[in-house]
Amino acid sequence: MLVAVIEDDPIIARSVSKAVKGAGHECVCVDDGEAAIRDETILSSDLVILDLMLPGADGVEVLRAARSHGSRTPVIVLTARGSIDEKLEAFEAGADDYLPKPFEMDELLARIEAVHRRTSDKPALKLEAGKLSLCLGSKRLSVGGRTVDLTPTELAMIELMMRFKGQVVTRKMLCEHVWGFDWDGPTNVIEVHINRLRGKLDRGRSTSFIRTVRGRGYALAAE
């Protein structure tokens, strides 16, 4: 399990990281709220230890940003502040557990295991289309179990086509979904992205996942 520690106190971050690794998990540390939002730390982790008092953006902002993007990653909030209002704000933002500082490391590890057990039964938000599988929380696409690295634009395109699997997705629909406007002008920008997407998805295949429907748009080929 990959555990992210979003904590600006280096002593606490090192201690938690050491304990988490000692419990058999992987661990990454981030010390800034804005960096955590920008790098989508919560979305790309299996569980998060989140301090509320962070530089750049506080923990509640980081949590709200992740939840607004569909992340269901379990989050345990740490804070030296412990008022009822702050606890309620954290839970309303989407926290799964709350541990005031100072804390015993054994208790934190026990809470990590308890939260993981409690949340691991929740189904992940996924789109499936034949051999394609897209996790909406982590924004990870796999093809027959092979993870494919995609740009945000490519992810947006394949997500739309997977939502409309078996149906034609027009260029107008792609433009509005990816860029937020209707672009009917003479440009090959969509074709460029589609060709790059095909190159990544179709490795080792004789036929493409993405079928061109002449004069209309694109559709995912039936598997």
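A crossing of two helices counts as right-handed if the near helix is turned clockwise from the far one by less than a right angle. With that in hand, here is the helix pair this passage looks at, taken from a predicted model. The crossing of α1 and α5 is right-handed.

Helix α1 covers residues 10-22 and helix α5 covers residues 105-120. Their axes lie 11 Å apart, and the two helices pack at an angle of about 55°. That angle makes α1 oblique to α5. As for who touches whom, α1 brings S15, V16, A19 and V20 to the contact, and on the α5 side these meet M105, L108, L109 and I112. Sorted by class, the contact has seven nonpolar residues and one polar residue, with no charged residues at all.

Now for the chain around this pair. Its secondary structure adds up to eight helices and 12 strands, and α1 and α5 belong to that helical set. Taken along the principal axes, the C-alpha atoms fill a box of roughly 65 × 35 × 25 Å.

The chain has 223 residues, and 44% of them are buried. On the outside, the accessible surface comes to about 11,700 Å², with carbon and sulfur atoms accounting for 50% of that area. Sequence separation rounds off the picture: among contacts in the chain with a separation of 6 or more, 57% are between residues 24 or more positions apart.

Notes. Residues are numbered from 1 along each chain as its sequence is written. This is a predicted model: local features need pLDDT of at least 70, side-chain atom pairs count only at pLDDT 80 or more; totals for chains, interfaces and linings use all residues. Side-chain values use heavy atoms; hydrogens and water are left out. Axes are lines fitted to C-alpha atoms, for helices over the stretch in contact, and angles run from 0 to 180 degrees between N-to-C directions. Helices (H or I, at least four residues) and strands (E, at least two) are DSSP runs, numbered from the N terminus. Angles under 35 degrees count as roughly parallel, over 145 as roughly antiparallel, 65 to 115 as roughly perpendicular and the rest as oblique. Contact means heavy atoms within 4.5 Å. Ala, Val, Leu, Ile, Met, Phe, Trp, Tyr, Cys and Pro count as nonpolar, Asp, Glu, Lys and Arg as charged, and the others, Gly among them, as polar. Buried means under 20% relative accessible area, exposed over 50%, partly exposed in between (1.4 Å probe, protein chains only). Accessible areas come from the Shrake-Rupley method with a 1.4 Å probe; for residues, only the protein chains shown count as cover.
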